[in-house]
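Q: I am new to this structure and would like to look closely at a single part of it, rather than hear about every region in turn. Please take one residue as the starting point and work outward from there.

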Amino acid sequence: MHDRSGWVGVMSGLPDWNNLPKRKIDVTYGVVQAYNSGQPLRLALYSADSAYHSGKYFVSSRTGDWNAHNRPTLVVVLSRP
């Protein structure tokens with residue numbers, strides 16, 4: 001298994017839901033492996049913090065329409081080597 005991970009810093013105070021910082025995570029390796037094996041790409045976000053109010057804010061794809069601009073987006077650009 002090939003590990004791809006990143007760090008998301010803690011936000012101080014309540015977030016401005018209209019202006020959350022965007023995070024980019026390179027999932028190229030996983031996309032290539034999934035494609036080559038004919039399997040779906042599986043991604044997960046994990047927080048080691050156990051406290052609910054840990055200062056980290058992630059928005060799921062199931063968030064309401066009021067927060068649609070913060071939904072995660074996967075962009076795959078196909079090209080030939």
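Does Asp65 count as buried or exposed?

A: Asp65 counts as exposed, because its relative accessibility is 68%; in this usage, buried means under 20% relative accessible area, exposed means over 50%, and partly exposed lies in between, with a 1.4 Å probe and protein chains only. This is a predicted model, in which local features need pLDDT of at least 70 and side-chain atom pairs count only at pLDDT 80 or more, while totals for chains, interfaces and linings use all residues. Residues are numbered from 1 along each chain as its sequence is written, and side-chain values use heavy atoms, with hydrogens and water left out.

The side chain of Asp65 meets that of Arg71 in a salt bridge, with 3.2 Å from N to O, a salt bridge being a side-chain nitrogen of Lys or Arg within 4 Å of a carboxyl oxygen of Asp or Glu. Side chains of opposite charge can pair when their charged atoms come close. The structure holds 1 salt bridge. Its two partners do not share one exposure class: Arg71 is partly exposed, because its relative accessible area is 27%, whereas Asp65 is exposed.

Two asparagines with numbers between those of the salt-bridge partners help to fill in the picture. Asn67 lies in the segment after H1 and is buried, because its relative accessible area is 2%. Leaving out residues up to four places away in sequence, Asn67 touches Trp17 and Val59, where contact means heavy atoms within 4.5 Å. Asn70 is likewise found in the segment after H1 and is buried, because its relative accessible area is 10%. With residues up to four places away again not counted, the residues that Asn70 touches are Trp17, Leu20, Lys22 and Val59. Trp17 and Val59 therefore appear in the contacts of Asn67 as well as in those of Asn70.

Further along the chain, Val77 also has its place in the segment after H1, and Val77 counts as exposed, because its relative accessibility is 69%. The C-alpha atom of Val77 is 9.4 Å from that of Thr28, although these two residues are 49 residues apart along the chain. Leu78, in the segment after helix H1 (28–37), counts as exposed too, because its relative accessibility is 77%.

The helix itself offers a point of comparison. Ala34 is found in helix H1 and counts as buried, because its relative accessibility is 9%. Once neighbours within four places in sequence are set aside, Ala34 is in contact with Gln39, Pro40 and Leu41.

For the wider setting, the protein has 1 helix and 0 strands, these being DSSP runs numbered from the N terminus, with helices (H or I) of at least four residues and strands (E) of at least two. Buried residues make up 12% of the 81 residues in the protein. Among the contacts with a separation of 6 or more, 56% are accounted for by residues 24 or more positions apart. The accessible surface of the protein comes to about 7700 Å², and 54% of this surface belongs to carbon and sulfur atoms; such areas come from the Shrake-Rupley method with a 1.4 Å probe, and for residues only the protein chains shown count as cover.
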